[in-house]
Amino acid sequence: MVMLALLVCSLHVSAQKNNPVQHAVFIGLGISMAPEDLAGIESADNKGYVRNGPVGTLSYLAGIRKYIGVGATLGHSRNDLNAAAVARAFSSATTVETEPYALTYLMADVYGMYPVKQWQFYAKGSLGSMLPDLWEMEIRNDIATGTVRSGRTFVPAYAGALGLNYSLGKVTIGLESCLLASEPEFEIELNNVTTYRKQWLSAFNHMLKTGYRF
């Protein structure tokens, strides 16, 4: 029994040495390229009223195999709305008051990785949840008065990304382009009539990342 126990332990230690789990933590900063429209507000020239803004992420990666990894990502983005352009879209004189559209998302990630020396190419698929901050836009003119709001409610979120990392010992630097999509609900009140609208929103997040492996 003692010999059998020693044999099992030695096989377990050997397996751990052959396939060690690689852990890494990354911080990413970059630009969020906004969707073309928000809550049904879309420009006539199809360029969109939502401006590009900053995005930041904190992510964890566990390389469980040479080509496979799992992890999690916590991110936050913030996009301004071009209120002057929205106001110009109406036929009559209009005033628009709004605030930045911000959201926080938490995702579970699955990686497919291809290492080449110090380089690591990867594709990532993610599933999680998005929580928009409270957002409101007020529109007033001589025809109608109304507001558009987003509720602070969790909604499913989906993402796909391509990236590239370069290792400098324990430190890693990299680039990542991620497409994040979700379907939040907006409350639209116009002349005291309230309607609700669900809309797919997607944004490209392009980031520069730095991380530490342990």
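What share of the 214 residues in the protein is buried? Buried residues make up 37%. Keep in mind that this is a predicted model.

**Whole chain**

Start with everything in cartoon view. The protein has two helices and 15 strands. Its accessible surface comes to about 12400 Å². Carbon and sulfur atoms hold 63% of that surface. Now turn on contacts with a sequence separation of 6 or more. Of these, 66% are between residues 24 or more positions apart.

**The barrel**

Next, select β1, β4, β5, β7, β8, β11, β12 and β15. They form a closed barrel of eight strands, in the order β1-β4-β5-β7-β8-β11-β12-β15. The pairing is antiparallel. From one strand to the next, the twist averages 25°.

**One seam: β8 and β11**

Select residues 119-132, which are strand β8. Add residues 155-168, strand β11. The two strands run antiparallel, and 12 bridges join them. Then pick Tyr122. Which residue of β11 stands opposite Tyr122? Look for Gly163.

**Met113 on β7**

Move to β7, residues 101-116, and select Met113 in that strand. Is Met113 buried or exposed? Met113 counts as buried because its relative accessible area is 6%, under the 20% cut-off.

Show the neighbors of Met113. Leaving out residues up to four places away in sequence, Met113 touches Leu61, Gly63, Arg65, Lys66, Tyr67, Ile68 and Gly69. Gln120, Phe121 and Tyr122 are also in contact with Met113. So Tyr122 turns up twice on this tour: it touches Met113, and it stands opposite Gly163.

Draw a distance from Met113 to Ile68. C-alpha to C-alpha, the gap is 5.9 Å, though the two residues are 45 apart in sequence.

**Nonpolar patch on the surface**

Finally, switch to surface view. Select Val25, Ile27, Leu29, Leu58, Tyr60, Leu74, Leu106, Leu168, Val171, Ile173, Tyr212 and Phe214. Together they make a nonpolar surface patch of about 1100 Å².

Color the patch by strand. Which strand gives the largest share? That is β1, with three residues. β1 (22-33), β4 (53-63) and β12 (171-182) each supply at least two. Pick out Leu106 as well. Leu106 is part of the patch and lies in strand β7. Strand β7 also carries Met113, which is buried.

Terms used:
Residues are numbered from 1 along each chain as its sequence is written. This is a predicted model: local features need pLDDT of at least 70, side-chain atom pairs count only at pLDDT 80 or more; totals for chains, interfaces and linings use all residues. Side-chain values use heavy atoms; hydrogens and water are left out. Helices (H or I, at least four residues) and strands (E, at least two) are DSSP runs, numbered from the N terminus. Buried means under 20% relative accessible area, exposed over 50%, partly exposed in between (1.4 Å probe, protein chains only). Contact means heavy atoms within 4.5 Å. Two strands pair if DSSP finds at least two bridges between them. Axes are lines fitted to C-alpha atoms, for helices over the stretch in contact, and angles run from 0 to 180 degrees between N-to-C directions. Accessible areas come from the Shrake-Rupley method with a 1.4 Å probe; for residues, only the protein chains shown count as cover. Patches are made of residues with over 30% relative accessible area and no salt bridge: like charges are joined within 9 Å, nonpolar side chains (Val, Leu, Ile, Met, Phe, Trp, Tyr) within 5 Å. A salt bridge is a side-chain nitrogen of Lys or Arg within 4 Å of a carboxyl oxygen of Asp or Glu.
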